[in-house]
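Q: Could you take me through one part of this model up close? I'm new to this, so plain language would help.

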Amino acid sequence: YLRIYHACLASCKLEDELLCESLTVLIEFYEEHHRHEKVIHIYIEILAKYKKHLGHTHHLTIKTLYCLAHHCKLIGHNSGLI
């Protein structure tokens with residue numbers, strides 16, 4: 001799943017449905033296996049790209065911030081990443 005996500009990230013536009021679907025599948029896989037730190041890492045990676053290319057007020061940026069905050073709260077991670 002990670003390789004598919006990275007391939008989509010490299011070849012698709014950030015708003016492409018294929019990229020969004022690969023991200024969703026990867027996150028669901030990590031959640032299923034309780035790999036919350038990996039979920040947080042993926043969200044931080046994509047959030048940086050969203051902020052840079054889509055802006056701070058784009059709906060994908062905001063959605064990703066909320067998802068990142070949820071996962072940080074879920075594991076008690078308060079490092080100020082957001």
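Which residues does T61 touch, not counting residues up to four places away in sequence?

A: Sure! Keep in mind that this is a predicted model. Leaving out residues up to four places away in sequence, T61 touches L47, Y50, K51, L54, G55 and H56.

Let's start with T61 itself. You'll find T61 in helix 4, which runs over residues 59-74. T61 is buried, because its relative accessible area is 0% and the cut-off for buried is under 20%. One of its partners deserves a second look: a polar atom of the T61 side chain lies 2.8 Å from the backbone oxygen of G55. And G55 is worth a glance for its backbone too, as it follows helix 3 and has a positive phi, near 100 degrees.

That brings us to helix 3, which covers residues 36-53. Helix 3 has 18 residues, and the stretch from its first C-alpha to its last is 26 Å, close to the 26 Å expected at 1.5 Å a residue. Now check which of its residues are tucked away: H36, V39, I40, I42, Y43, I46, L47 and Y50 are buried. They sit on the same side of helix 3, because they cover an arc of only 160 degrees around the axis. Two of these buried residues, L47 and Y50, are also on the list of residues that T61 touches. Turn to the other side of helix 3 and you'll see H41, K52 and H53, which are exposed.

So what covers the buried residues of helix 3? The cover includes helix 1, helix 2 and helix 4, and helix 4 is where T61 is found.

You can follow this at H36 as well, which is in helix 3. H36 counts as buried because its relative accessible area is 18%, and the cut-off is under 20%. Setting aside its neighbours within four places in sequence, H36 is in contact with H71, L74 and I75.

Finally, have a look between the other two helices in that cover. C12 is in the loop between helix 1 (2-11) and helix 2 (17-32). Despite being in a loop, C12 is buried, with a relative accessible area of 17%. Not counting residues up to four places away in sequence, C12 touches L18 and L19. From C-alpha to C-alpha, C12 and R35 are 26 Å apart in space, and 23 residues separate them in sequence.

How values were computed. Residues numbered from 1 in each chain as written. Predicted model: local features only at pLDDT ≥ 70, side-chain atom pairs only at ≥ 80, totals over all residues. Heavy atoms only, no water. Helix = DSSP H or I, 4+ residues; strand = E, 2+ residues; numbered from the N terminus. Buried < 20%, exposed > 50% of the residue type's maximum accessible area, 1.4 Å probe, protein only. Contact = heavy atoms within 4.5 Å. Expected span 1.5 Å × (residues − 1). Arc of directions from axis to C-beta. Polar contact = N/O pair within 3.5 Å; in protein donor to acceptor, adjacent residues only side chain to side chain.
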